[in-house]
Each structure stands twice: as C-alpha cells, then as structure tokens.
Amino acid sequence: MSDQTISPRVRFGLALVVLARQWRRVIDNRLSELGLSDASWTPLVHLAGAGDGVPQTELARRIGLDGSSLVRLLDTLSERGLIERRVDPRDRRLRLIHLTEAGHAATADIREKLSSAEFELLSDFSDEDLSQLLEAFSRLGNRISAMETREGIADGK
C-alpha cells in the first residue's frame, strides 16, 4: 500500500513532523555559521520580538520549554554575553531577561540569516498560499491548546 492510498488525516501528523525536522535542519545549518543552534537562537529572537524585560516564565512559555531547561540555556547565553538577568523592581522574586548589546547584534544577524533561508524555502509559495497555511496552523494550534487544557498538559512539556 502506497502512502497516497492512506487517508490524508492518517498521513498528516507524520508528514508534519518530518517536514518540521527538515525545516529545522536547513535553518540550523544556516545559523550554525553564527555559532548558534535552534536552542540558542530561538530565545534571542523571542526576546527581541517581545522587547527587553521578559520574565523567565513568560519566555519559557513563548518558546515551549520547561523552566529548568530554559535556565540552563539562559546560563549559556549569559556566559556568551548575549543576555542578562535582572531582578524585577516590582517583584524581587522574578528575573527579567534582557538582550545585551551583543545580543541585539546577534539577533540582527539571526534575522538576516532566517529571512534569507525562509525566502528560499518558501519561494514556490504565493502570499495567498502562505496566508492559507498560516490560517490552518492557527486553527490547528487552537485545537492543540484546547486539548492540552482539557488533558492537563502544561506548556512546554
């Protein structure tokens, strides 16, 4: 039995996982020139998008990591001089994550490499195609969130 004779609903999940891994490999290869892996560039991009002063818990939620994994990653990024942790002046128990000057520069390089790779990866798609895919991803994301809530699955786990 060929894959084409199997229902698209049955093929979809596996195809999505394989495609995501292939996408990630291409992106990671391009960003390895900057000395960054998916684990290290993703928080930097999220920090740049959210603005400085993001609580660690919020950053963990945004990138889909549990808190302990993020702490180790932030330690590495801090050692490289890309981020710094600051105490929240309103709640001294919280740590806010800020990009350093080097972190902002690295993020600009990351975005340039990402844009170039993604432009090439998506060159066979029209803006309308991509809008439809994004809408489908949004609907799928909403369904996943509802199932996670119903099944008690915590963010990032």
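This passage looks at helix α3 and at the two largest pockets of a predicted model. Local features need pLDDT of at least 70 and side-chain atom pairs count only at 80 or more, while totals for chains, interfaces and linings use all residues. Residues are numbered from 1 along each chain as its sequence is written, and side-chain values use heavy atoms, with hydrogens and water left out.

Helix α3 spans residues 56–63 (helices are DSSP runs of H or I, at least four residues, and strands are E runs of at least two, numbered from the N terminus). Gln56, Leu59, Ala60 and Ile63 are buried here, that is, under 20% relative accessible area with a 1.4 Å probe, protein chains only. Down the axis of α3 these buried residues fall within an arc of 100°, so they line one face of the helix; the arc is taken from the directions from the helix axis to the C-beta atoms. They pack against α2, β1, α4, β2 and β3, with contact meaning heavy atoms within 4.5 Å. Gly64 comes right after α3 and has a positive phi, near 75°.

As for pockets (open sets of points on a 1 Å grid over the protein atoms alone, where a 1.4 Å probe fits, with protein on both sides within 12 Å along at least five of seven lines; lining residues have an atom within 4 Å of a point), the second largest is lined by 16 residues. Ile63 of α3 is among those nearest its centre, along with Arg24, Asp38, Trp41 and Thr42. The largest share of this lining, six residues, comes from α2. In the largest pocket, the largest share, seven residues, comes from α1.

Key. Buried means under 20% relative accessible area, exposed over 50%, partly exposed in between (1.4 Å probe, protein chains only). Grid points are joined across faces, edges and corners, and a volume is the space filled by probe spheres set on the points.
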